[in-house]
Structure formats: C-alpha cells, structure tokens
Amino acid sequence: MSQINFQRIPGLIAVYRLENDKLVEVYKARPIKVDLDKLAKILKENMEIGSQEAKRLKLLDPFLGFAMIVDDIGITFVHDILIITDARGTNWDIVINEALRVGGQ
C-alpha cells in the first residue's frame with residue numbers, strides 16, 4: 001500500500017483500512033469513541049446500498065465509495081480506506097484524492 005500523506009490532510013482525525021470485515025488502524029491523531037465493529041458493518045452495508053443504487057441509476061460503475069458528514073465529523077470511505085476528519089476543517093478534495101490514490105492497493 002502506498003502511504004497516505006497525513007500532513008497533507010487538514011483536520012485529519014484517523015485513518016482505518018477495512019480488512020476481513022474489521023477496521024484496522026493505520027493512523028490516529030486523536031482518540032475517537034466509536035464501536036469499530038459496528039462501524040465496519042455500517043460501512044459495508046452503505047457500500048452495498050450505494051453500489052446497487054449506482055447500478056440502478058446507471059451512474060457509477062464500479063461504485064468506489066462515499067463521503068458524508070455526521071455532526072461535525074467527516075467520513076470518507078473509498079475502496080477499503082476510511083478517513084475520518086473534522087468536517088469543517090478539512091479540504092474534501094484532498095481527502096477524496098488521497099483515498100482514491102491509496103485505496104484498493
């Protein structure tokens with residue numbers, strides 16, 4: 001896996017990789033309070049829904065991932081990389097480009 005340029009992502013909180021249905025920590029700038037097993041299940045479920053909808057709408061094939069904001073936390077999941085950021089303090093273009101660059105390797 002090529003390395004994520006952590007210094008390049010403003011507001012970075014943590015990076016995880018989904019491996020065998022488990023989230024494995026790659027980098028953590030500060031602690032997060034979340035059940036990683038539940039989060040992994042939610043991410044996989046959302047990927048499946050997104051993939052089905054993309055095919056149905058004839059938009060994106062293959063469906064690579066998604067980004068969303070929950071409260072003030074930015075969640076970007078592309079391929080098998082999860083990047084958690086401060087939603088207001090990040091640059092979404094950089095986050096998504098880094099996820100695309102290293103994801104799926």
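Let's start with Asp71, which is exposed, with a relative accessible area of 74%; exposed means over 50%, buried under 20%, and partly exposed in between, using a 1.4 Å probe and protein chains only. Asp71 sits in the loop between strand S3 (65-70) and S4. Its phi is near 60 degrees, a positive value in a residue other than glycine.

A quick word on what we are looking at. This is a predicted model, where local features need pLDDT of at least 70, side-chain atom pairs count only at pLDDT 80 or more, and totals for chains, interfaces and linings use all residues. Residues are numbered from 1 along each chain as its sequence is written, and side-chain values use heavy atoms, leaving out hydrogens and water.

Now meet Asp21, in the loop between S1 and strand S2 (22-28). Asp21 also isn't a glycine, and has a positive phi of about 65 degrees. At 49% relative accessibility, Asp21 counts as partly exposed.

On to helix H2, residues 92-102 (helices are DSSP runs of H or I, at least four residues; strands are E, at least two; both are numbered from the N terminus). Which residues of H2 are buried? They are Ile94, Val95, Glu98, Ala99 and Val102. Seen down the axis of H2, these buried residues fall within an arc of 130 degrees, so they line one face of the helix; the arc is that of the directions from the helix axis to the C-beta atoms. Their cover includes S1, S4 and S5, where contact means heavy atoms within 4.5 Å. And at the start of H2, a side-chain oxygen of Asn91 comes to within 3.0 Å of the backbone nitrogen of Asp93.

Conventions. Polar contact = N/O pair within 3.5 Å; in protein donor to acceptor, adjacent residues only side chain to side chain.
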